[in-house]
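Have a look at the chain below and keep it open while you read. We'll go from the annotated regions to a pocket, then to a couple of serines.

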Amino acid sequence: MWYHKPVINEELLQSLPNLKIVASSGVGIDHLDPNLLSRYGVKLSNTPFVVSTDTADLGMALMLASSRRLVEGYQMAVSPDTEYFPADWLGAELSGATLGIVGMGTIGYKVAERAKAFEMKILYHNRNQRNKEEESAVGAIYCKKIEDLLHQSDFVLLSVNLTAQTHKLIGKRELELMKPTATLINISRGLVVDQDALVEALHNKVIKAAALDVTYPEPLPRDHPLLKLKNVIITPHIGSATKKTRRLMMENMTESIQAGLTGLPIPNEVL
């Protein structure tokens, strides 16, 4: 499966009685029903580890682009109407700022490693607390309650799987808990955020800005209000979009398929 295609539903499974494995690109499996696959005796694999470095890099890129207003700056620099650069056109610094990471899995931890180099204070909220050695290595502080993280963070970065528990995890209430100077960065799945609430929060300056690699749907309708806001950066779900990583994803999928067809242990099997 690539870009969630083809759609794996009961009709397709009934038409493929010899199907042994579905190899899906990327980390998320929210587009699949593992229980349905299991009922038909079909194995499932994904490619969780090869995407983590590039996705973490993109998270930092979005944070930098938003804080330093790079898109607005580019538009100003190339506009035929620009006669001078205003001296009071300012961004916000990352160094010394507080980053709150929601979801400290492989990707979230790699973001923390990068943020440490920017001398950021790092908070994180996760289902399970990491061990003390891992926390100490990046200087991360665990927040058992997401509310504590939202209150304190200058940047809130979302790096969670989309599940029933994380569906619209960030809504009106959570956005109102954030600082009015805070920026929301989403590199997970669009449905982790209530987009209507986000539009309202950005329009009413409840939070300062948002940088999103994911939305719902993808792409957004061309008249969607998020596309009209200057304090929003949107990229086309490119977290893993480098030549090397996409090739590694394909290789991982091929290895899983070969193992599934020969009865060997499946690398990256989703259980």
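UniProt, in an unreviewed entry, lists residues 3-270 as "domain: D-isomer specific 2-hydroxyacid dehydrogenase catalytic". Keep in mind that what you're looking at is a predicted model. Over residues 3-270 the chain is 37% helix and 13% strand, and the C-alpha atoms at the two ends of that stretch are 18 Å apart.

The record has another annotation too: residues 60-239 are covered by "domain: D-isomer specific 2-hydroxyacid dehydrogenase NAD-binding", again from an unreviewed entry. Here the helix content is 32% and the strand content 16%. The end C-alpha atoms of residues 60-239 lie 11 Å apart.

Now for the pocket. The second largest one has a volume of about 420 Å³. It's lined by 22 residues, and the ones closest to its centre are Ser66, Arg69, Glu72, Ala209 and Asn231. Which elements give two or more residues to this lining? They are helices H3 (52-67) and H4 (70-78), plus strands S8 (209-212) and S9 (232-234). H4 gives the most, with 4 residues. As for chemistry, the lining of the second largest pocket is a mix of 10 nonpolar, 6 polar and 6 charged residues.

Helix H3 also takes us to the next stop, since serine 52 is found in it. Is serine 52 buried or exposed? Its relative accessibility is 2%, and buried means under 20%, so serine 52 counts as buried. Its side chain has a polar partner: a polar atom there lies 2.9 Å from the backbone oxygen of phenylalanine 49. Skip the residues up to four places away in sequence, and serine 52 touches Thr106, Ile107 and Lys110.

Another serine to look at is serine 25, which sits in the loop between strand S1 (21-23) and helix H2 (34-39). Why does this loop residue count as buried? Because its relative accessible area is 14%, and the cut-off for buried is under 20%. What is it in contact with, leaving aside neighbours within four places in sequence? Serine 25 is in contact with Met1, Trp2 and Tyr3, with Thr47, and with Met249 and Met253.

So, if you click on the two serines in turn, you'll find serine 52 in helix H3 and serine 25 in a loop, with serine 52 buried at 2% and serine 25 buried at 14%.

Definitions and conventions: Residues numbered from 1 in each chain as written. Predicted model: local features only at pLDDT ≥ 70, side-chain atom pairs only at ≥ 80, totals over all residues. Heavy atoms only, no water. 1 Å grid on protein atoms, 1.4 Å probe; cavity = no way out; pocket = protein on both sides within 12 Å on 5 of 7 lines; lining within 4 Å. Points joined across faces, edges and corners; volume = space filled by probe spheres on them. Nonpolar A, V, L, I, M, F, W, Y, C, P; charged D, E, K, R; others polar. Buried < 20%, exposed > 50% of the residue type's maximum accessible area, 1.4 Å probe, protein only. Contact = heavy atoms within 4.5 Å. UniProt positions renumbered as here; feature names shortened; annotations may be inferred. Polar contact = N/O pair within 3.5 Å; in protein donor to acceptor, adjacent residues only side chain to side chain.
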